[in-house]
Amino acid sequence: MAENVHMFAMRPATSADRAAVEKLLLARCAWMEERGIPSWRASVDDLVSQCDNLGQDVWILDLDGSEVVGRMTVQRQAPPWGWTEKERSEDAFYLTTTVTDPAHRHLKPGTLMAWWAVDRAMDQGIPWVRRDCLWPGLVAYNRSQGFTLVREAQWKKNRLYLLARRTPCP
C-alpha cells in the first residue's frame, strides 16, 4: 500500500493568496470557537490584507502546490511587549500570527513552519527565533518544536507566553 506523500513549500504571501488565507483563517476561527477559545475572527480582514505583503514578512505554507495550509509573519524587530532591552538588541526572528488549517492538523503544519523559520535563521546567521502566544496549550506545542518558555508577560488585557529557541548557527 502506497503512502500519501505531500510536498510543502514556504513562500512569501501575495495578493493572490487572499481568498485562500481567508478560508484558512475562518476554518481556524470556527475550530477555536467550538472549543471556547477566543478566536482571530475580529482580525480576519486585517490578516487577509497582509497578503499584499508590502514588508515581505508574511509567509505561506503551501501544500502540494495547490492549498494554503498555514500563514506566519516573520519579522526582525521585536514586538513592543515582553522582551527585555537586551533581548530586543539581539539579532532574532520573531514569529507572529501563525495560523494553520485544522483540517491538516495531522500533518503538523505549525511545526513545519517553526522548523523552517529556525533553518532560515540558521542559514542567515541569526542566533534566535522568538515567538509569543496567548494560550497555555500552545506553550506545550511550541516546546515540542524546541522552544523554551522565557517568561510570561501582561500586554493590554492579554497574558502572553514568550518563547525562544537558539539556532545552531555557526
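Good morning. A residue is called buried here when its relative accessible area is under 20%. By that cut-off V99, with a relative accessible area of 1%, is buried. I shall begin from this residue and then turn to the rest of the chain; please bear in mind throughout that the model is predicted.

V99 is found in strand 4. Setting aside neighbours within four places in sequence, V99 is in contact with L24, L25, R28, W40, V69, G70, R71 and M113. I37 is 62 residues from V99 in sequence, and the two C-alpha atoms are 14 Å apart in space.

Let me now place that strand in the overall fold. The protein chain comprises 5 helices and 7 strands, and from the N terminus the order of elements is β-α-α-β-β-α-β-α-β-α-β-β. For 170 residues, a compact globule would have a radius of gyration near 15 Å, and the 16 Å of the protein chain agrees with that. The C-alpha trace spans about 45 × 40 × 35 Å along its principal axes. Buried residues make up 41% of the 170 residues. Of the contacts in the protein chain with a separation of 6 or more, 65% are between residues 24 or more positions apart.

What, then, lies in the interior? In soluble globular proteins, nonpolar side chains tend to be buried together. The largest nonpolar core here has 22 residues, and the members that touch the most others are M10, M72, V74, L95, W116 and V129. At least two residues of this core come from each of strand 2 (58-63), strand 3 (67-75), strand 4 (92-100), helix 4 (109-123), strand 5 (128-133) and strand 7 (158-166). Helix 4 gives the largest share, 6 residues. As for W116, and not counting residues up to four places away in sequence, W116 touches M10, W59, M72 and V74. Another core, of 13 residues, lies apart from this one and includes A13, V21, V48 and C51.

I turn next to the aromatic rings. A pair of aromatic rings is described by the distance of the centres and the angle of the planes. The count comes to 3 aromatic pairs, and I shall discuss W81 with W155 and W83 with Y94.

W81 and W155 form a tilted pair, 4.1 Å centre to centre, with 40 degrees between the planes. W81 lies in the loop between strand 3 and helix 3 (85-89) and W155 in strand 6, so this pair ties together parts that are 74 residues apart in sequence. W81 counts as buried at 17% relative accessibility, whereas W155, at 28%, counts as partly exposed.

For W83 and Y94, the ring centres are 6.0 Å apart and the planes stand at 65 degrees; the pair is therefore edge-to-face. It links distant parts of the chain, with W83 in the loop between strand 3 and helix 3 and Y94 in strand 4, 11 residues apart. W83 is buried at 4% relative accessibility, and Y94 is buried at 2%.

W83 has a charged partner too: the charged end of R130 sits over the ring of W83, 5.4 Å from its centre. In the same manner, the charged end of R28 sits over the ring of W31, 4.6 Å from its centre. R28 has already appeared among the contacts of V99.

Finally, the C-terminal strands. Strand 6 (residues 148-155) pairs with strand 7 in the antiparallel sense over 7 bridges, and R151 stands opposite L162 in strand 7. The two strands form a hairpin with 2 residues between them, and K156 in the turn has a positive phi of about 55 degrees. Thank you.

How values were computed. Residues numbered from 1 in each chain as written. Predicted model: local features only at pLDDT ≥ 70, side-chain atom pairs only at ≥ 80, totals over all residues. Heavy atoms only, no water. Core = buried A, V, L, I, M, F, W, Y, C linked by side-chain atoms within 4.5 Å. Buried < 20%, exposed > 50% of the residue type's maximum accessible area, 1.4 Å probe, protein only. Helix = DSSP H or I, 4+ residues; strand = E, 2+ residues; numbered from the N terminus. Contact = heavy atoms within 4.5 Å. Pairing = 2+ DSSP bridges. Phe/Tyr/Trp six-rings, centres within 6.5 Å; stacked < 30°, edge-to-face > 60°. Lys NZ or Arg CZ within 6 Å of the ring centre and 35° of its normal. Rg over C-alpha atoms; globule rule 2.2 N^0.38 Å.
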